[in-house]
Amino acid sequence: MRLNPARRPLLPRVLLGLIALFVLIQLVPYGRAHANPTVQAQPKWDSPQTEALFTRACADCHSHATVWLWYSNVAPISWLVQRHVDEGRSRFNVNVPGFGRDADEAAKEVRSGGMPEPTYLPLHPEARLNAQEKQQLAAGLEATFGGEREDGEGEGR
């Protein structure tokens, strides 16, 4: 006795549909153009330690030295990675003149725990900073890029 096609179990059809959708979304071109732009500027770091901490915890999204790992080529994760990098570079980028509109807020973001992004840390455990490293990075960013004063005006650079 053959089952009516409409009465076949739903799970295999749903799984097949999800696999087909996964394959189809790989054709969306966004999120896989991973050529890093040319470096236009380099900050004068206050210390080699600040540069090393920045490279370890921040450079993938806030410079033109992004390391694109294998999963950054697989949709839909590639879309999220590309969006994070695009947004990070647009706000603070050590490789463009002026370093971006939020360069003076970088130290505050590190101190508050807003950076590195919590979604970045599971796949990049080397970016986890202990309290001392966070303080050292924040102080170094402030010394290198300035900080936001109480009146909201940036200082230094």
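Contact here means that heavy atoms lie within 4.5 Å of each other. By that yardstick, in this predicted model, Leu137 touches Thr50, Leu53, Phe54, Cys58, Val110 and Leu129, leaving aside residues up to four places away in sequence.

Leu137 also turns up in the largest nonpolar core, which holds 22 residues. Together with Phe54, Phe92, Leu141 and Phe145, Leu137 is among the members that touch the most others in this core. At least two core residues come from each of α2 (48–57), α5 (106–112) and α6 (131–145). The largest share belongs to α6, with four residues.

Now for α2, the helix that carries Phe54. Thr50, Leu53, Phe54 and Ala57 are its buried residues. Looking down the helix axis, these buried residues of α2 fall within an arc of 100°, so they line one face of the helix. That fits the usual geometry: an α-helix has 3.6 residues a turn, so residues three or four places apart point the same way. Round on the other side of α2, Pro48 and Thr55 are exposed. As for the buried residues of α2, their cover includes α3 (59–62) and α6.

Zooming out, the protein has six helices and zero strands, so the order of elements from the N terminus is simply α-α-α-α-α-α. Of its 157 residues, 36% are buried. Among contacts between residues at least 6 apart in sequence, 71% join residues at least 24 apart. The exposed surface of the protein comes to about 10000 Å², and 61% of that is supplied by carbon and sulfur atoms.

Conventions
Residues numbered from 1 in each chain as written. Predicted model: local features only at pLDDT ≥ 70, side-chain atom pairs only at ≥ 80, totals over all residues. Heavy atoms only, no water. Core = buried A, V, L, I, M, F, W, Y, C linked by side-chain atoms within 4.5 Å. Buried < 20%, exposed > 50% of the residue type's maximum accessible area, 1.4 Å probe, protein only. Arc of directions from axis to C-beta. Areas by Shrake-Rupley, 256 points an atom, 1.4 Å probe, with all protein chains shown as cover.
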